[in-house]
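Me: I would like to go through some of the labels attached to this structure and see what each one rests on.

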Amino acid sequence: MKKKVLLALLVIGIILSVETVAALALLDREREDTEGVYACASTGIDLKLSDPDEPDPRNGVTATWAMENIKPGDETGGWVRLYNTGSTAGHRMDIAVFNAVIDPPGPESDAQENTLDLDKQMMITDLQYTYCNGKRRAGLSDLRDMDGDGYISLDDFERQGLSIAANHPPGKNKYYTLSMSLRFNPMAGNEYQGDQVTMTMRFTLSQGR
């Protein structure tokens, strides 16, 4: 029986992909003057992103973290860089996470139907938010174990997000790097065969402190 379980775990197929989206944020305070808002948009904060596969700063990057046909215990890591290419410094970065889990129908692709918690099985083993000079501004310890299972997962990240108070000055050589390492829970069972999770990160840089 143990041999059958191990064999099943070895053929678990999971795809984890991340689409990182930059969101432009204007001044935090409410403004009734529409012309003033447009002026701020044209000369203020302009957030751009890059990663190893897409090194030129742009509005978004895809599949920064990706795993395919993995088994429990497999790991991956990746990073994304954030640039303020505008003319106004930002002072707060808000990171929102959205997870979409798919459990394809049919017994041929899954050992159990309606398992929609794969994001809880994706463990975040390391998280760092670092300025280009090496100064760390946030890390895994800033996230809470929301469900009390003893580790931080993509589900935990989605449920709370992350807000970071840090100066983001304009300039092509001034950037922050978000690095993250993931591990598929070694104790995950056969019920996750064929399941998929897609994670989307939304970065919002604003002037509020």
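The exchange below sets values against the cut-offs behind the labels.

Reply: This is a predicted model, in which local features need pLDDT of at least 70 and side-chain atom pairs count only at pLDDT 80 or more, while totals for chains, interfaces and linings use all residues. Residues are numbered from 1 along each chain as its sequence is written, and side-chain values use heavy atoms, with hydrogens and water left out.

Me: Why is D155 called buried?

Reply: Buried means under 20% relative accessible area, exposed means over 50%, and partly exposed lies in between, for a 1.4 Å probe and protein chains only. D155 has a relative accessibility of 8%, and therefore counts as buried. Leaving aside neighbours within four places in sequence, D155 is in contact with N99, D119, K120 and D147, where contact means heavy atoms within 4.5 Å.

Me: What makes G60 partly exposed?

Reply: The relative accessible area of G60 is 27%, which falls between the two limits, so the residue is partly exposed. G60 touches T20, L49 and E54 when residues up to four places away in sequence are not counted.

Me: How do you know that D119 has no salt bridge?

Reply: A salt bridge requires a side-chain nitrogen of Lys or Arg within 4 Å of a carboxyl oxygen of Asp or Glu. For D119, which is buried, the nearest side chain of opposite charge is K120, and that lies 6.8 Å away. Lys and Arg count as positive and Asp and Glu as negative, with His and the chain ends not counted.

Me: Why is the pair of Y83 and Y175 called tilted?

Reply: The structure holds three aromatic pairs. In the one formed by Y83 and Y175, the ring centres are 5.4 Å apart and the planes stand at 50 degrees, so the pair is tilted. Rings of Phe, Tyr and Trp (its six-membered ring) pair if their centres lie within 6.5 Å, and planes under 30 degrees apart count as stacked, over 60 as edge-to-face and the rest as tilted.

Me: What makes Y131 and Y176 a tilted pair?

Reply: Their rings are 4.8 Å apart from centre to centre, with 40 degrees between the planes. Ring pairs also link Y129, Y131 and Y176 into a cluster.

Me: How do you know that R81 lies over the face of W79?

Reply: A charge sits over a ring if NZ of Lys or CZ of Arg is within 6 Å of the ring centre and within 35 degrees of the ring normal. R81 is placed over the face of W79, at 4.6 Å from the ring centre.
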